[in-house]
Amino acid sequence: MQIQAGSFARCAAALVALASMGYAAPGNNSNNSRSTMLAVTSPQPGATVKGLSLKVDIQVHQAARRPTFRARLNGKDITARFAGSGACQKERCPESAILTPLDGLIEGRNVLRLRIKKWNGNFVHTRTVFMWSQSNPPVSGGVGTAVPGIFQPNYSFTTLQPGGYQGNGQPWFQISSNALGTVTKNYPKNPIQCTNSVYLLVEIQRTSLQELSSTCLDSAGLDAALSAIPSTSFAVLGSLAGINADWSNLNPSAIGGSDYRQVGDQEAPWGYMMVGIGKAPSGIGLESYNTGYERAEAELAQIHGVLTANAYGMYDLHPSDNAIVNVDGVNKRVQIDGVTYTPPAVSANVPSGFWVLPITRRTLSPTTMVNQDNSGCPASCGAVFYLNSPQDAINMTDYLSSVPVRSLIFVIAWGKQAGLDSSVQQDQTLYTRLSNLGIPAYTFTKMSDSTSSMAAVVSNDQTVSRNLQFSREAYVSSTQSAFDQHGQLSLVLSRDAHYLQRPVSGVQNNFDPSPGHMTIDLSFLKTVWQPASPWPMMDTPGRVNAYQYLSYMMFHTVWPANQQPSNTGNDIRSIYDEPFVAMDLAGVDPTNPASYPFPQGGTYTRPDNGVTYTFTQQDLSDVAQQVKAELGALDRVLNLFGNEGVNLRGLYVDNEVSLVDILLSELAGSARAANDQRPELIFRLSDVTNWTASMTGITSLPQMQAGSGYLYGAMSGLFHAMSSSGLLDPRGDGIPDYTVAGTVQSVYDNLAAYSVNADAAYETVFSNIVQDWSKLNALSQFADPGQQENYLRQSQSTAVLMQLAARRYFNTMVMAFKWQIDQFYGVQATQPSNIGTWFVDGHYNTSCKGNMYNDNPATAWAVLPSVTAPGSNDIFIVAGRVSNNWTDFMTVGGVPAGLTDPIFQKDSSTGMPGLPPEVWFGSSPVQFRPISARPSWSIDYDQSICAVGATR
């Protein structure tokens, strides 16, 4: 598709709609609207069917907008296959489609998704999961599934043998589920003994999670074996226990891994394990390895995660141990997943200084440093530096440089920074080092009194600290600041492609909120990816039988026989993740003996299949109480994250103007503001809405009412989770991708393709929440039914904030490929018009002023106190192409105000201040122009013209 002007009409309309706070009005999708607007009549949910083809029958309400109808089978568009199949009756019109494998029909589990817009413009969705085979009975719907037709949306992946496959009849890893009828499955299923080998390769089908093969390999046969893995399979590759990976010949890029053949000895993998996908690009697989200096059991090669199904009916793997980090520069403490670290006691006696705390990214424990005793951790941990002399700065620089790349570095500073005055000015190495880590030196020039504080999280791994074309991953907060920063940060850490923790989401926070401020809670993004735990009250055969009896009775009490949402009838939890179905359970009381009596003698035989359940009255009472608690939590979650009440699903994907639609408009708007659709663009969708919050404070915005801190964290975390669910699929092959690169047009097209599958991404995350009691219970605590109206207002305010973040992110990314920054260090100038140069004998002379740049506020520029020359200024100016350089006719191109104003000016609709120039210019992906190419006049330029100005 082309980015047309119409996109901007939609963008403007979206802006108006969002700013008015009215577009996300709560939806009330009742059972009636579900059954009449759009319904699948065949196949039934959970049905097992066979044949050379499959007929699908649906009913579409006459009031629905038929041109908006969309149908997808396992992620493939089959809309055109549907046609009318009879006369309309009672406003419902029958349609049908005959589907074959050419339409995406596959052996085993299939997912059919339909959607259509109602009269009010909002989407209605329906989903049917069924099993199909051309002739023989279909394969099981998942690992160890006892009843064909039951599909489990998520599983846990657990390494049983850290450090490599041992053989000797012992399994290497397992996949398990907490769902009824599933069993834990070990891999390899028949543990083989490997000889004369270095690796074991286990191939697992991504649709059924069935093991296809296990192969012992030496280095010579590895490349061919990995290249043969199809995109429909996982490849679990690992070195054998006691045998180091042959890293000089290790290149698993065929399954999404890294090329280790040129890695230095210090960082080379010894023990190695990877979960990859056939034909995936490098960086998609999850690799875990230990180096020669990582020998503790927790550091050995191992992978743990959650497997979730994507829109194509295939599973993707997500790390399951996200961590919440709070960095408090004001009170000098770092909290990592509930463990609080504090500096050595000497910090209390130092009026200004630095506390540096290295934490290993593998285990989130203190990094072992030379001549540093960690025995006092967490109460006395890390190193404190007081910059009282040039040597102090050198010592801190050496310490920072010695931290291993596989560590995070927490840096807290307090007080007026002595290092910025003349006493330490002889050596700028420290501030250069901090800047290279991602902490702009200008952060410290603003620390001008005894109450100043700064908090930062960085790393010597450059892909963490300065890989800013992909994400702002170096987080900094400092005071004094005009941008509502408090020297306090909250972050979510997640495993990267090398199974090392790195920041993926963060905000400027306020841990000591006063009236009008709030504390942001980011725990959603940790909770949502935790592995599932066993359901309560399922620990004895009697309770399991009582649960199945209660489920059967609920199915046949809540729904009539011809509208059963499942063909199993014995597992009510299996439909918790169907929002349009689960909302019918609101108000159901499974403890009511009139509706759900204890059967005579404690035995019940199902009339449909003759299965008998035996249990005691206490078993039934225990289970009924638990299910009642689950239904209450489910109702609260549905009213926040589902289609009712606050209706976050509507806001994200279902409403006529959804957040995903608005992001498309913002990307198109950035391209238009640049007057060029051709620039290259690189971004990660999961970072789009996080960018502004990680640079500027949002805790005191007037639109963010008191108590909304969790809702912001949940909404930003929900979008992050949706966009890391394997649905960003540039090739359309079911292989997940988390980074998109290309022209603005191609990125726009890919984001548009993602929007089509956004409902599936949402369902993946929602299912992960409600199919586990620990997550369901935790998240329901924040969904207070009495706060629905308040949550609605907060959700709309947060949506506007996320839109602004996207606009600033896209504008910056677009600028990075067409404009550059001209920098002038240690000058007396106080504004761009004071800057002018000509080139003489290899040097720049600044006596000609007023011609190169202007002081228009729309021009992106900043004047900051110089780090290198106290009393002077450093000036940064975003500028375009230089024409006729070193001549009398030199001109410098400008940057459109439509790109820069949203970045640097205060936003009127949210009250959000512009991005801090000391951060943006020091850490943005817009590159510095080389000094040799910087604009200048010729040597014979007439200085009298200098006062005229206007050469642009």
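## A tour from sheet to core

Start by selecting strands S18 and S19: they run antiparallel and are joined by five bridges. Keep in mind as you look around that this is a predicted model. For one of the facing pairs, colour Thr-308 and find Asp-316 of S19 opposite.

**Next stop: strand S10.** Select residues 154-159 to show S10. Is this strand mostly covered or not? Mostly covered: five of its six residues are buried. S10 pairs with S18 (residues 305-309) in the antiparallel sense, over four bridges. Click on Asn-154 and you will find its bridge partner in S18, Thr-308.

Now look at another neighbour of S10. Strand S11, residues 173-176, runs antiparallel to S10, and four bridges join the two. Here, Phe-157 stands opposite Ile-175 of S11.

**Step back to see the sheet.** Which order do the strands follow? Reading across, the order is S12-S11-S10-S18-S19, an open sheet of five strands with antiparallel pairing. At the edges are S12 (185-187) and S19 (315-319), each pairing on one side only. Turn the view to follow the twist, which averages 25° from one strand to the next. As general background, strands of a sheet pair through backbone hydrogen bonds.

**Add a helix.** Select residues 758-770, helix H17, which lies across S10 and S18. Relative to S18, H17 runs at about 130°.

**Two helices side by side.** Show H13 (residues 659-673) together with H16 (residues 744-756). Their axes come within 10 Å and cross at roughly 175°, which makes H13 roughly antiparallel to H16. Display side chains where they touch: H13 contributes residues including Leu-663, Leu-667 and Ala-671, while H16 offers, among others, Val-747, Leu-751 and Tyr-754. What classes of residue make this contact? Twelve are nonpolar, one is polar and none is charged.

**Last stop: the cores.** The largest nonpolar core has 149 residues. Select Phe-524, Leu-585, Phe-641, Tyr-652 and Trp-920, the members that touch the most others. Zoom in on Phe-641 and leave out residues up to four places away in sequence: its contacts include Phe-524, Leu-648, Ala-714, Tyr-762 and Leu-779. Arg-649 touches Phe-641 too. Apart from this core lies another, of 28 residues. Among its members are Phe-157, Ile-175, Leu-307 and Ala-309. You have already met Phe-157 and Ile-175 as the facing pair between S10 and S11, so finish by colouring them once more.

Notes: Residues numbered from 1 in each chain as written. Predicted model: local features only at pLDDT ≥ 70, side-chain atom pairs only at ≥ 80, totals over all residues. Heavy atoms only, no water. Core = buried A, V, L, I, M, F, W, Y, C linked by side-chain atoms within 4.5 Å. Buried < 20%, exposed > 50% of the residue type's maximum accessible area, 1.4 Å probe, protein only. Contact = heavy atoms within 4.5 Å. Axes fitted to C-alpha atoms, helices over the stretch in contact; angles between N-to-C directions. Parallel < 35°, antiparallel > 145°, perpendicular 65-115°, else oblique. Nonpolar A, V, L, I, M, F, W, Y, C, P; charged D, E, K, R; others polar. Pairing = 2+ DSSP bridges.
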